[in-house]
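The exchange below asks how certain descriptive words come to be applied to a structure, and each reply sets a value against the rule behind the word.

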Amino acid sequence: MAASASMPYVLLLFTFAFLAPSTTASANDHRYNVGDHVPLFVNKVGPLHNPSETYQYYDLPFCRPDPVIQKMESIGEVLSGDRLTNTLYNLNFRIEKSNVSLCTRKLKVADIATFRDAVINDFYFQMYYDDLPLWAFVGKVEEESWTIGDKRLKYYLFKHAQFDALYNDNQVIQIQAFSDPNHALDITEDVETTVEFTYSVNWNVASTQFKNRMDKYSRASLMPIHQKINWFSFINSIVIIVLLMALLTLLIMRRLKNDLRKCSDVDEKEDKEVGWKYIHGDVFRCPPNMSLLCAFLGTGTQLLTLVFILFMLAFFGVLYPYNRGALLTSLVFVYTLTSVIAGYTASAFNCQFSETGWKRSVLLTGILFIGPVVVIVSFLNTVAIAKGATAALPFGTILAILLIYIFLAIPLLGLGGLIGYHLRSEFFAPCATKQYPREIPPLAWYRRTPCQMLIGGLLPFSAIILQLQHLYATIWGYKIYTLPGILFLTFAILIILTAILSISLTYNQLSAEDHKWWWRSVLCGGSTAVFMFGYGIYFYLRSNMNGSMQFLFFVGYNACVSFAFFLLLGTISFHASLMFVRYIYRAVKSE
């Protein structure tokens, strides 16, 4: 057991060693002499309000090099929709340029229509210069003149790009791109035209150190108003958890002590007043679908470990804003490596009740979460391919992920299952299980599963809703969440709240002489994820996102994240209830 307990820590150290070299840069990198070539890549274009609907830069008829060479990217970058390619722009270190011609291009009617459609949908383009992101709009829309009831819109394409760069000593610190509205081409009419694209570059000295150059991208999240909101959310969560703990202590524990006192009394009349004592012979009866429950607990434990490792990576500076693909790369490899934890947990829990069936539990663990995710992602990938978006995964990336899962995740899952089987221990129930189950009396409406799920999900959700708003704005907007400490504390509060409510609801269920608490504790704990999914739909309706592709991607990925939290919180809820049930029945004098 000691070896198995240390397994997550060994895995964590291995993860750091594996990921850190690929996601952090040395302080000696990115140094240039005057006139040196600095890598500049164009990335993608897309509507401002639809983060999932992005296209390759040269899908628009911009000036393009010959040949177009795509940069080799990591799995995380590809999953993020990044498609970095070379460009005709030449921004040498500390070399200023003014109105340099990029190319002269004849735009056909179809090209004009393509650019106009991009301007109508507020398309932006993204580039990376020395690994620093920069953005600018493709064009603009203006209202020329109108009378009452008549409005005429004019569409303009920006043909000049202004780059303002900052440097400190021999390193690039900051760069911004501006589209000059004074150099714009009218593309309102479908008329062929010839346009010359130009650009200028200005360089200025900065006092910011290289190690702090990414700080500017997180300043929006550190404004006083956002700080107040974060602290208000945190204090709100603390107040809720303190009130719930006080409620649990005053009501449930007080009643529980009275029940235990009655159970210690030999007087049979008083013993009959204790409702949950009646079902001591049924409370530890194995639930139906035991293999599925073991798989649920194995997957939930794996996801919980995954979340904690990601927080550790963020605290150590491995994950930070605009570290291209680092988060998704970490997700892929950490999920793969933690498969051993999933297999071990599922197998070990199954073997506590039966030495057979652990292989089925491990098999279900391997498909319980990843199965629905693969189905959803495959459907979304088909939609992205049909739309020609960068969210469509190339065949090579799909093959790489498939090979990682087959040759790394599955063997680790099986290894964990074998370890759990060989280190198995028997489940010692405080009370003997009777041969025939006791009949459950009719339950009041507030003791039934739907109402219990409502209570078990609504209260934890209310404690995290403000932080959830920030998280959604980070994933589906352009706000950068840079307070992992507050996010971690909120997650810890969510875990504690889920455990407290699970114990409370389980005790209430047992008091009604309902011994089928196993699956209900899972459902009550995981029900917070249902509220999270519903809030995601509310967030979408209130946002400026639009279009069928963006809607499908939002709903699909929101469903994957919510299902992951359902498994994670359901696992926490079950273990809290199991510990509580074993404690109270161990404390009574069983017949």
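Q: In what order do the strands of the sheet with mixed pairing stand?
A: In this predicted model, the order is β3-β11-β8-β9, and these 4 strands form an open sheet. β3 and β9 (171-179) stand at its edges with a single partner strand each, so that one side of each has no neighbour in the sheet. On average, and with direction ignored, neighbouring strands of this sheet are turned by 20 degrees against each other.

Q: What makes the pairing in this sheet mixed?
A: The pairings can be taken in turn. Strand β3 (residues 97-107) and strand β11 (residues 193-205) pair in the antiparallel sense over 8 bridges, with threonine 193 of β11 as the bridge partner of leucine 107. Strand β8 (residues 160-168) pairs with β11 in the parallel sense, again over 8 bridges, and here histidine 160 has threonine 198 of β11 as its bridge partner. β8 and β9 run antiparallel and are joined by 8 bridges, one of the partnerships being that of leucine 166 with glutamine 174 in β9. Two strands count as paired if at least two bridges are found between them, and with both parallel and antiparallel pairs present, the pairing of the sheet is mixed.

Q: Which helix packs on this sheet, and which strands does that helix touch?
A: The helix is α3, which touches β3 and β11, and its direction makes about 125 degrees with that of β3.

Q: Which strands stand at the edges of the antiparallel open sheet, and why are they edges?
A: The order in this sheet of 4 strands is β2-β1-β4-β5, with antiparallel pairing. β2 and β5 (132-137) are the edges because each has a single partner strand, which leaves one side of each without a neighbour in the sheet.

Q: How do you know that strand β1 and β2 pair?
A: Strand β1 (residues 40-47) and β2 are joined in the antiparallel sense over 2 bridges, and the criterion for pairing is at least two bridges, so the condition is met. Within this pair, lysine 44 stands opposite glutamine 56 in β2.

Q: Why is tyrosine 124 called buried?
A: Tyrosine 124, whose place is in strand β4, has a relative accessibility of 8%; buried means under 20%, and tyrosine 124 therefore counts as buried. Between tyrosine 124 and alanine 136 there are 5.6 Å in space, C-alpha to C-alpha, although the two are 12 residues apart in sequence. Over the chain of 591 residues, buried residues make up 50%.

Q: Why does aspartate 122 count as partly exposed, and why does asparagine 289 count as exposed?
A: Aspartate 122 has 34% relative accessibility and therefore counts as partly exposed, since that class lies between the 20% and 50% limits. Asparagine 289, at 52%, counts as exposed, because exposed means over 50%.

Q: What makes the phi of aspartate 122 worth a remark?
A: Most residues other than glycine have a negative phi. Aspartate 122, in the loop between α3 (109-120) and β4 (123-129), has a positive phi of about 55 degrees although it is not a glycine. Asparagine 289, in the loop between α5 (268-271) and α6 (290-315), also has a positive phi, near 55 degrees.

Q: Where does proline 67 lie, and what is the peptide bond from aspartate 66 to proline 67 called?
A: Proline 67 is in the loop between β2 (55-56) and α2 (75-79). The bond leading to proline 67 from aspartate 66 is cis, with omega near 5 degrees, and most peptide bonds are trans.

Q: What makes α7 oblique to α11?
A: The axes of helix α7 (residues 326-337) and helix α11 (residues 395-422) come within 8 Å and cross at roughly 40 degrees. That angle makes α7 oblique to α11, because roughly parallel is kept for angles under 35 degrees and roughly perpendicular for 65 to 115. The contact is made by Val332, Phe333, Thr336 and Leu337 of α7 together with Ile404, Leu408, Ala409 and Leu412 of α11; by class, it has 7 nonpolar, 1 polar and no charged residues.

Q: How do you know that the reach of helix α13 is close to the expected value?
A: Helix α13 (residues 484-511) has 28 residues and reaches 40 Å from its first C-alpha to its last, against an expected 40 Å at 1.5 Å a residue. Glutamate 513, which follows α13, has a positive phi near 65 degrees.

Notes. Residues are numbered from 1 along each chain as its sequence is written. This is a predicted model: local features need pLDDT of at least 70, side-chain atom pairs count only at pLDDT 80 or more; totals for chains, interfaces and linings use all residues. Side-chain values use heavy atoms; hydrogens and water are left out. Axes are lines fitted to C-alpha atoms, for helices over the stretch in contact, and angles run from 0 to 180 degrees between N-to-C directions. Angles under 35 degrees count as roughly parallel, over 145 as roughly antiparallel, 65 to 115 as roughly perpendicular and the rest as oblique. Contact means heavy atoms within 4.5 Å. Ala, Val, Leu, Ile, Met, Phe, Trp, Tyr, Cys and Pro count as nonpolar, Asp, Glu, Lys and Arg as charged, and the others, Gly among them, as polar. Buried means under 20% relative accessible area, exposed over 50%, partly exposed in between (1.4 Å probe, protein chains only). The expected span of a helix is 1.5 Å times one less than its number of residues.
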